[in-house]
Protein chains: 2
Amino acid sequence: MATDTAPPQAPAPEGAEGVYVQPEVDVPALQALLDGRYAEVRNLVRSNLDDYASVLEEAETLSRADFRERVKEIVVEMAATGQTGMGFPQEYGGGGDIGASVAAFETLAFGDLSVLVKVGVQFGLFGGAILQLGTKAHHDAYLARLVTGELMGCFAMTESGHGSNVQALGTVATYDLATQEFVITTTTDEARKDYIGNAAEHADVAVVFAQLEVGGTSEGVHAFVVPIREGGAACPGVRIEDDGLKMGLNGVDNGRLWFDQVRVPRTALLNRFADVTPSGVYESEIENPNKRFFTMLGTLVQGRVCVGGAGINASKVALAIATKYALRRRQFEASSEDEEELILDYGMHQRRLFPLLADTYALHFAQEVVASRLHDVFSGITDDEHTRRELESRAAGTKAYGTWHATRTIQECREACGGAGYLAINRFTALKADTDVFTTFEGDNHVLLQLVAKGLLTDYSSDFSDLDQFGMVKFVAGLAVETVLERTAVHKLLERIKDVLPGGDDGWDQEAGLLDPDYQLAMLRFREEHMLGGVARRLKRGIDQGMNPGVVFSRVQDHVIGAARAHVERLVLEAFVDKARDLPEGDLKVALNLLCDLHALATIEADRAWFMEHGRLTSQRSKAISREVSSLCRKIRPLAGDLVDAFGVPDAMLRSPELVGPVGPVTP
Amino acid sequence: MATDTAPPQAPAPEGAEGVYVQPEVDVPALQALLDGRYAEVRNLVRSNLDDYASVLEEAETLSRADFRERVKEIVVEMAATGQTGMGFPQEYGGGGDIGASVAAFETLAFGDLSVLVKVGVQFGLFGGAILQLGTKAHHDAYLARLVTGELMGCFAMTESGHGSNVQALGTVATYDLATQEFVITTTTDEARKDYIGNAAEHADVAVVFAQLEVGGTSEGVHAFVVPIREGGAACPGVRIEDDGLKMGLNGVDNGRLWFDQVRVPRTALLNRFADVTPSGVYESEIENPNKRFFTMLGTLVQGRVCVGGAGINASKVALAIATKYALRRRQFEASSEDEEELILDYGMHQRRLFPLLADTYALHFAQEVVASRLHDVFSGITDDEHTRRELESRAAGTKAYGTWHATRTIQECREACGGAGYLAINRFTALKADTDVFTTFEGDNHVLLQLVAKGLLTDYSSDFSDLDQFGMVKFVAGLAVETVLERTAVHKLLERIKDVLPGGDDGWDQEAGLLDPDYQLAMLRFREEHMLGGVARRLKRGIDQGMNPGVVFSRVQDHVIGAARAHVERLVLEAFVDKARDLPEGDLKVALNLLCDLHALATIEADRAWFMEHGRLTSQRSKAISREVSSLCRKIRPLAGDLVDAFGVPDAMLRSPELVGPVGPVTP
């Protein structure tokens, strides 16, 4: 029986420095490392998840209407445990700890994701808007009641016509001097609010984003608190429609909203960044309208941090099931003629699952960094303009990477469980359907990566980071391009990088050093900066040739996205390397280094064509990397069960009785 | 308004040979080309799909029980139009045309996929087993009634413990000489039949695969007709359990079956390839038990051909919706400050959709080839051992490629439609959930690719192709390895290939010729044979070093899969090139050549690392290929709407009223 050992007759594992000794994984210690400073919070959520484990089945058995009610009930009951209000000030019943609130949200993603998203809508989006965009009067009026879930609200930003380009929303809020009210109006078919969570059934108020018009002047998008429902019925002038059945998340009541001259008092404007005086004067401390808009949006960065973390944790559930299944399932005789082979002993199966496992670890630590930065910025510990912009970029990148990772990982794990993976009881049905929209909501991933690239190209300059891509192209092609080009000049990159290589500049091409994190990081840094310089040069060349900036952008767009990806992958690897380096010597460090090496080399392997095209890999070394990835997979094989156990996914959240547990008694 | 023209200020499109003239696509002519010889059959199915278009909504509104009944009803009513029985002999009410039956099935995949899979279970798997494994007595007893759907059956092969390795099934059928009956028994928990379509509700009989035991000797897996239900209740000794909710295809009643000493007459054995005499003598014209087993399995190849085609056609639905949406949806100002840009004018969006569009065309023609080979073999037109083996391999490869393509394409199209893509009315919900298991059923894709590789390594030798991988490793490492190595020797490959290159051997590295199909094919052929040789060498080396064959196989497995992929990609490109070459000069040929070039170069681009590693691409030429892919995308941009219209997906099957049709009237 080779359930947890290397396959028979395998040669002794190789290792750069002599004999490799297989580490023992101390699962509780590794879980403690992953849980980090918020272990207590995470355990509270684990315990809540256990208490409401029946929701996973209820998602399948209840009618849509009943399931929505059940999800609301669970959210309110969880709120009573303090779990969902950790990010709000203590004077309103919150926990006053933003980092804790992110940790709680991430952990909730082990369970039913309608519950998660309902929590996100109510406390993150709705509550977050009141907290971040409102002032004391709004806090006093709403926070205490929304923290308990007594007051349910929604976040009405997206419209049918505008999801990504929210600066172009069509809803209008006109200030009526005579009555000192704002009049909210849905101006066109495309301007109806759409996909709004909590809108179809439960929200009594909405934070509505609309173009503010004061005295005939448009002041751009602002947010207003608008009552939409009273006693279960829509308020006068408000029309509500259900978005109907969705691919997943059907415990969340998404809907559409139309406003027909709906009047709200002047104080309904969430006025932290701008206000309208009773006499109809528009006032804001931020003069530039673009900057004002992006400042408002920036306060909502927590949502992206949370969704990214949720994607990463949903991936852990899938990996735990697929790995445990592969440690029980046998198929085909291979190394023995008498017994079929464990499917995790097949090289291809290891290649399918282990790089995703390593990426999940890497993303976990990258998420830890972004959550901690968020905490510091929003707790006022480090809150300057540049840090904020960097945080926004990091949050955007981690969200995009983490949610695409979830889509890919859950799919691979489903396929790795064969037909059994297709049965709803085995979790992948919900995981796939519910997480699918993660790549879209809280910012479409491609648009987010453009945001990342814009930050890099403009060095997070507060004067320029608020440009749309039309503006960005013109800007980058103009004066500042020289800076980017200077920063990313290849000879300088090489100069800076060769110091960290084992053999200096020649180190690029030695067989040794593949497992040196400095080498791995140097590769990703070189790629990132080189790509960025390429984008700047291409933009400049297009503009210099007299092409329309939009056409230039369209042609360079895949390079823009590529540069952003390269940047995010570098940040993720850095986070993992930093974490592993800080560990004391010992088995845990050995195990994490295996994962970190696998993550790094699989990342390089996936883009080895680029590295060869740019002279950073010979074909020999490229092949050596592929061999090393396979070798690392074999080393991880005996640790795999422990590595997924350390995620600390509660057993009840795995369900899958026949995949991860004993087969039930059969009485034919 | 640039809905269907190139973006403003784009420079004149480039072209290797002077000025490129944009073709006009004659949509009916292109559809006729795609529909091929079975246009009439496809139109019958299109018309049936229209008649039952309400099923797409019923899948969402009916209870699971009601939906199952509705799907059954539709299947029976469609059967009455002749649509589903085209592959059966005319004397039993069929159409006597296997090619027509595949065309009908493929086309049905434009609609609800529970209907499709129910048709596949009843007429393909159950009906196919009676037809192919049974003899006249079975045909007379069952065919006429099953063709009308009066007799519903199921195909009980898979067990909980064995899906891929069906030679190791646990169900046993023991011949009882005294009563001249077979006794069918589920021997262990793992031996219960599982995931069996039609079993939970509708099937009255099952074709049960079991280990035949005669006089104490095991004769391997054989198929038996076993009544399982009478008047709606399970027959004595048969236990039936519902598989419960699945990710998709919930109109199909999948279930589990246990047999407790269930007795069936001697004539229940489907005895085309083997029989048991009344006195208990086992007889078969095929002496080798392995060969007998694979001969039986081989008759079921039609299922794989059908599933591959279904995956390809489901991809067309997704691409049609996403492309039409991208021709209406605008977001962000880019080339104009006054109007937002059509999302299909973004280079990244083209890069996301058009290579998938080109692959879909390529796969369509590859599917046409495999369906036509199937027709010829099973109509007795070309039916020798080697042709059959080649067909089985081609079917396995096309199924794997076509179904993975569906998973990937539907996912990308969903994301390309943003949040709207998440609403069930917009089709992706069903497309994703229903097609997900295509990569698993009718053969797990990875296992199928191993089958393909095995065929290549053994040159479809009938003496060896029935080996399991344990046997294969030993075989390949033995005498025959020399043949493979000789066939794939690099110097010979180069010799054979350089003749077709524009500049002889130097042609590998000229900038010109990227759009030469001979160059493209030479690249894919070189890769395939080189990879195959690599696998053979690696297997031999491992065995020579004294390693366990299973361990050797595990280590080489990703190369095995890689070689099979390379083979399939070559077959697909060949099919496309052949089709395009045969066209008369004209706009249709120009348009198809654009797609064929895009398919070929995107395929090479995706694996350009391999080509660089093996000296077949310089970094300069590799980059040139990427530029050419982008350039081809821009040329396809103005044709995109026509290219998806030519798929001939009935409008009602697209649903998605707000994505592909006008936005409905809004009365705020």
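The exercises below work through a predicted model with chains A and B.

Residues are numbered from 1 along each chain as its sequence is written, and chains are lettered from A in the order in which they are written. Local features need pLDDT of at least 70, side-chain atom pairs count only at pLDDT 80 or more, totals for chains, interfaces and linings use all residues, and side-chain values use heavy atoms, with hydrogens and water left out.

**Exercise 1. Find which rotation superposes chain A on chain B.**

Step 1. Superpose the copies by least squares on the C-alpha atoms of residues with pLDDT of at least 70 in both.

Step 2. Read off the result: a rotation of 180° with 0.0 Å of shift along its axis, at an RMSD of 0.0 Å. The two copies are therefore related as by a two-fold rotation axis.

Step 3. Locate the axis in chain A: the nearest C-alpha there belongs to A:Ala609, 2.1 Å from the axis.

**Exercise 2. Describe the contact of chain A and chain B.**

Step 1. Count the residues in contact (heavy atoms within 4.5 Å). Chain A gives 104 residues and chain B gives 103 residues. Of the interface residues of chain A, 99% are also interface residues in chain B, so the copies meet through the same surface.

Step 2. Work out the buried area, which is the accessible area (1.4 Å probe) that two parts lose on being put together, summed over both. The two chains bury about 8500 Å² between them, and 52% of this is on carbon and sulfur atoms. A:Met247, A:Tyr422 and A:Glu613 supply 9% of the area that chain A buries against chain B, more than any other three residues.

Step 3. Count the salt bridges (a side-chain nitrogen of Lys or Arg within 4 Å of a carboxyl oxygen of Asp or Glu). There are 10 between chain A and chain B. In one salt bridge, A:Arg351 meets B:Asp558, with the closest N and O atoms 3.7 Å apart.

Step 4. Ask which helix of chain A gives the most to the side that touches chain B. Helices here are DSSP runs of H or I with at least four residues, strands are runs of E with at least two, and both are numbered from the N terminus. The helix is α18 (residues 549-582), with 9 residues.

**Exercise 3. Place the salt bridge of A:Arg70 and A:Glu58.**

Step 1. Take the distance: 2.8 Å, N to O.

Step 2. Find the elements. A:Arg70 lies in helix α4 (residues 64-80) of chain A and A:Glu58 in helix α3 (residues 55-61) of chain A, so the pair ties together parts that are 12 residues apart in sequence.

Step 3. Set the pair against the total: the whole structure has 74 salt bridges over all chains.

**Exercise 4. Give the strand order of the 3-stranded open sheet in chain B.**

Step 1. Pair the strands (two strands pair if DSSP finds at least two bridges between them). The order is β4-β10-β9, with antiparallel pairing.

Step 2. Identify the edges. β4 (193-196) and β9 (238-242) of chain B each have a single partner strand, so one side of each is left without a neighbour in the sheet.

Step 3. Look at one pair. β9(B) and β10 (residues 255-259) of chain B are joined by 5 bridges, and B:Asp242 has B:Gly255 as its bridge partner in β10(B).

**Exercise 5. State how β14(B) and β15(B) are arranged.**

Step 1. Note the pairing: 2 bridges join β14 (residues 330-333) to β15 (residues 340-342) of chain B, and the strands run antiparallel. B:Glu333 stands opposite B:Glu340.

Step 2. Name the arrangement: a hairpin, with 6 residues between the strands.
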